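Reader: I'm new to this structure and don't know where to start. Please pick a single part and take a close look at it with me, then show me how the rest fits around it.

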Amino acid sequence: MIKRTWKKRIKQACIDAGTYEAWFDDAIETLAGILENRDKAQEQFKAMNSNPVVMHTNKGGNTNIVKNPALVIINEMNMQALQYWRELGLTPKGFQAMQKAGFKKQEASFEDILANIGI
């Protein structure tokens, strides 16, 4: 998925969870970039037949089985993304922390809606 699409989905998830604030936009932008790059790495991993291990010949000429570098990158990006998801309140633990900090999903009453539109 492209960055713009990720950004929209993340922002909407924050709004749905009741954790969105305008100052989160930079974090959302960063997370969207991480997820876009992760998606590209996953495409490359699939193109390499999705092998979790590959043969690697070191400087000494010895051949060893090692983790696929693409898989290592995907895992690192997932860990980075998880930290951002948590900070945005989009994991159970992160959501609980934001609830304790005073972020609460607020549902507008009928009277509030009418007042906001000037009735």
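Author: Let's begin with a word we'll need: a residue is called buried when its relative accessible area is under 20%, exposed when that value is over 50%, and partly exposed in between. Keep in mind, too, that this is a predicted model.

Now to our part, the pair Arg38 and Asp39. They form a salt bridge, and their closest N and O atoms are 3.2 Å apart. Arg38 has a relative accessible area of 14%, so this residue is buried. Its partner Asp39 comes out at 11%, which means Asp39 counts as buried as well. Elsewhere, Lys3, Lys7 and Glu29 are joined into one network by salt bridges that share partners.

Let's follow that network, starting with Lys3. This lysine forms a salt bridge with Glu29, with 3.0 Å between the closest N and O atoms. Lys3 lies in helix H1 (residues 3–17) while Glu29 lies in helix H2 (residues 25–47), so the pair ties together parts that are 26 residues apart in sequence. And how do these two sit with respect to the surface, buried or exposed? The answer falls in the middle: Lys3, at 28% relative accessibility, counts as partly exposed, and Glu29, at 29%, is partly exposed too.

The other arm of the network is Lys7, which forms a salt bridge with Glu29 at 2.7 Å between the closest N and O atoms. Here again distant parts of the chain are linked, with Lys7 in helix H1, Glu29 in helix H2, and their positions 22 residues apart in sequence. Lys7 has a relative accessible area of 33%, so this residue is partly exposed. In total, the count for the protein chain is 3 salt bridges.

Let's step back for the layout. The protein chain has 5 helices and 2 strands, and from the N terminus on they come in the order α-α-β-β-α-α-α. Of its 119 residues, 24% count as buried. Among the contacts with a separation of 6 or more, 57% are between residues 24 or more positions apart.

What lies on the inside? As a rule, nonpolar side chains in soluble globular proteins tend to be buried together. In this model, the largest nonpolar core has 13 residues, and those with the most contacts inside it are Ile10, Ile28, Leu31, Leu35 and Leu88. At least two core residues come from each of H1, H2 and helix H3 (69–87). The biggest share is from H2, which gives 5 residues.

Leu88 is a good one to click on. Setting aside neighbours within four places in sequence, Leu88 is in contact with Ile10, Cys14, Thr19, Phe24, Ala27, Ile28, Leu31 and Met98.

Next, have a look at Ala81, which is found in helix H3. Its relative accessible area is 2%, so Ala81 is buried. Beyond the neighbours within four places in sequence, Ala81 is in contact with Leu31, Ile34 and Leu35. Take the last of those: Ala81 and Leu35 are 46 residues apart along the chain, yet 6.9 Å separates their C-alpha atoms.

A bit further along, Thr91 sits in the loop between H3 and helix H4 (92–100). Thr91 has a relative accessible area of 14%, so this loop residue is buried. Not counting residues up to four places away in sequence, Thr91 touches Leu82, Trp85 and Arg86.

That leaves the strands. S1 (residues 53–57) and S2 (residues 63–67) run antiparallel and are joined by 5 bridges. Met55, for one, has Ile65 in S2 as its bridge partner. The hairpin has 5 residues between the strands, and Gly61 takes a positive phi near 90° there.

Those two bridge partners turn up again on the outside: Val53, Met55 and Ile65 form a nonpolar patch on the surface, with about 320 Å² of accessible area together. Val53 has its place in strand S1, and with 45% relative accessibility this valine counts as partly exposed. For the protein chain as a whole, the accessible surface comes to about 8500 Å², and 54% of that belongs to carbon and sulfur atoms.

Terms used:
Residues numbered from 1 in each chain as written. Predicted model: local features only at pLDDT ≥ 70, side-chain atom pairs only at ≥ 80, totals over all residues. Heavy atoms only, no water. Helix = DSSP H or I, 4+ residues; strand = E, 2+ residues; numbered from the N terminus. Buried < 20%, exposed > 50% of the residue type's maximum accessible area, 1.4 Å probe, protein only. Contact = heavy atoms within 4.5 Å. Areas by Shrake-Rupley, 256 points an atom, 1.4 Å probe, with all protein chains shown as cover. Pairing = 2+ DSSP bridges. Salt bridge = Lys/Arg side-chain N within 4 Å of Asp/Glu carboxyl O. Patch = residues over 30% accessible without salt bridge, like charges linked within 9 Å, V, L, I, M, F, W, Y side chains within 5 Å. Core = buried A, V, L, I, M, F, W, Y, C linked by side-chain atoms within 4.5 Å.
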